[in-house]
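Reader: Please take me through one part of this model closely. Then set that part against the rest of the chain.

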Amino acid sequence: MSTTRLPIQVEPYRLAASDEHLEGTVSLDDMVRLREEAGKQQGDADVRLEFGQDAQGRRFIEGRVKATLDLACKRCLEPMPIAIESHFLLGMVSDDTMAANLPSAYEPVVVENEQLNLQLMLEDELILSLPQVVYHDEADCAVSPDQLSSGTLPEPSEQSAASPFEVLRTLKKKH
């Protein structure tokens, strides 16, 4: 993959009109919202973006972003590297009405003043690709299965449990 840094801002309509592609990296450390979701990250995400127009004249961005993120294991809370990859097809829109009219194959991306912040767009894609839960393999985790067990369940008693309304019944008889 290229080591070229992608620009933060681009003119996507101009890039789509000439069927351009961009390939390079973006810094994970600069992604504030990703840090809030997944903790502090280091390194770069590899990116490939194709800008173009479909047969109906809709401008789109087809892309891929790949990164290795350090995410906390939910058992031991230690960081573990997780490979994240997102493939996406975005339709360029300028407002919500245009977004509502996009075919279902496209996800909308809002372009304001003919400018698009690539870093925010790619950060969105990485956040959407985060796994719900992350665990080490049991053999690699600092927390053993024994530490996760709270013991054995007691045997169910043969006696039926007292009705929770029994207390109310006795109170009613007192009055």
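Author: Q41 sits in the loop between helix 2 (32–38) and strand 3. The model is predicted. Is Q41 buried or exposed? Q41 counts as buried, because its relative accessibility is 3% and the cut-off for buried is under 20%.

The side chain of Q41 has two backbone partners to look at. One is the backbone oxygen of G39, reached at 3.3 Å. Another is the backbone nitrogen of D70, reached at 2.8 Å. Leave aside residues up to four places away in sequence, and Q41 touches L28, D29, L34, L69, D70 and L71. D70 thus appears both as a polar partner and in the list of touching residues.

Now follow the chain from the loop into the strands. Strand 3 covers residues 44–53 and strand 4 covers residues 59–72. The two pair in the antiparallel sense, over eight bridges. V47 has its bridge partner in strand 4, at V65. Five residues lie between strand 3 and strand 4, and the two form a hairpin. In that turn, G57 has a positive phi of about 85°.

Strand 4 also pairs with strand 5 (residues 79–93). These two run antiparallel as well, and 13 bridges join them. A72 finds its bridge partner in strand 5, at P79. This pair of strands also makes a hairpin, with six residues between the strands. L77 takes a positive phi there, near 65°.

Strand 2 (residues 21–27) holds E23. How far is E23 open to its surroundings? E23 is partly exposed, because its relative accessible area is 30% and that class lies between the 20% and 50% cut-offs. The side chain of E23 makes a polar contact of 2.7 Å with the side chain of R48. E23 also lies 8.5 Å from R5 in space, C-alpha to C-alpha. In sequence, E23 and R5 are 18 residues apart.

Further along comes helix 4 (residues 118–128). Just at its start, a side-chain oxygen of N117 reaches to within 3.0 Å of the backbone nitrogen of Q119. Buried residues in helix 4 are L118, Q119, M121, L122, E123, E125 and L126. A general point helps in reading such a list. An α-helix has 3.6 residues a turn, so residues three or four places apart point the same way.

Helix 6 (residues 166–174) brings in the surface. L168 has its place in this helix. Together with F165, V167 and L171, L168 makes a nonpolar surface patch of about 410 Å².

Last, the whole chain. The chain has six helices and seven strands. Read along the sequence, the pattern is β-α-β-α-β-β-β-α-β-β-α-α-α. There are 175 residues, and buried ones make up 33% of them. Q41 counts among the buried. Take contacts between residues at least 6 apart in sequence: 56% of them join residues at least 24 apart. The accessible surface of the chain comes to about 11900 Å². Carbon and sulfur atoms account for 49% of that surface.

Methods: Residues are numbered from 1 along each chain as its sequence is written. This is a predicted model: local features need pLDDT of at least 70, side-chain atom pairs count only at pLDDT 80 or more; totals for chains, interfaces and linings use all residues. Side-chain values use heavy atoms; hydrogens and water are left out. Helices (H or I, at least four residues) and strands (E, at least two) are DSSP runs, numbered from the N terminus. Buried means under 20% relative accessible area, exposed over 50%, partly exposed in between (1.4 Å probe, protein chains only). A polar contact is a pair of N or O atoms within 3.5 Å; within protein, one must be able to donate a hydrogen and the other to accept it, and residues adjacent in sequence count only if both atoms are side-chain atoms. Two strands pair if DSSP finds at least two bridges between them. Patches are made of residues with over 30% relative accessible area and no salt bridge: like charges are joined within 9 Å, nonpolar side chains (Val, Leu, Ile, Met, Phe, Trp, Tyr) within 5 Å. Accessible areas come from the Shrake-Rupley method with a 1.4 Å probe; for residues, only the protein chains shown count as cover. A salt bridge is a side-chain nitrogen of Lys or Arg within 4 Å of a carboxyl oxygen of Asp or Glu. Contact means heavy atoms within 4.5 Å.
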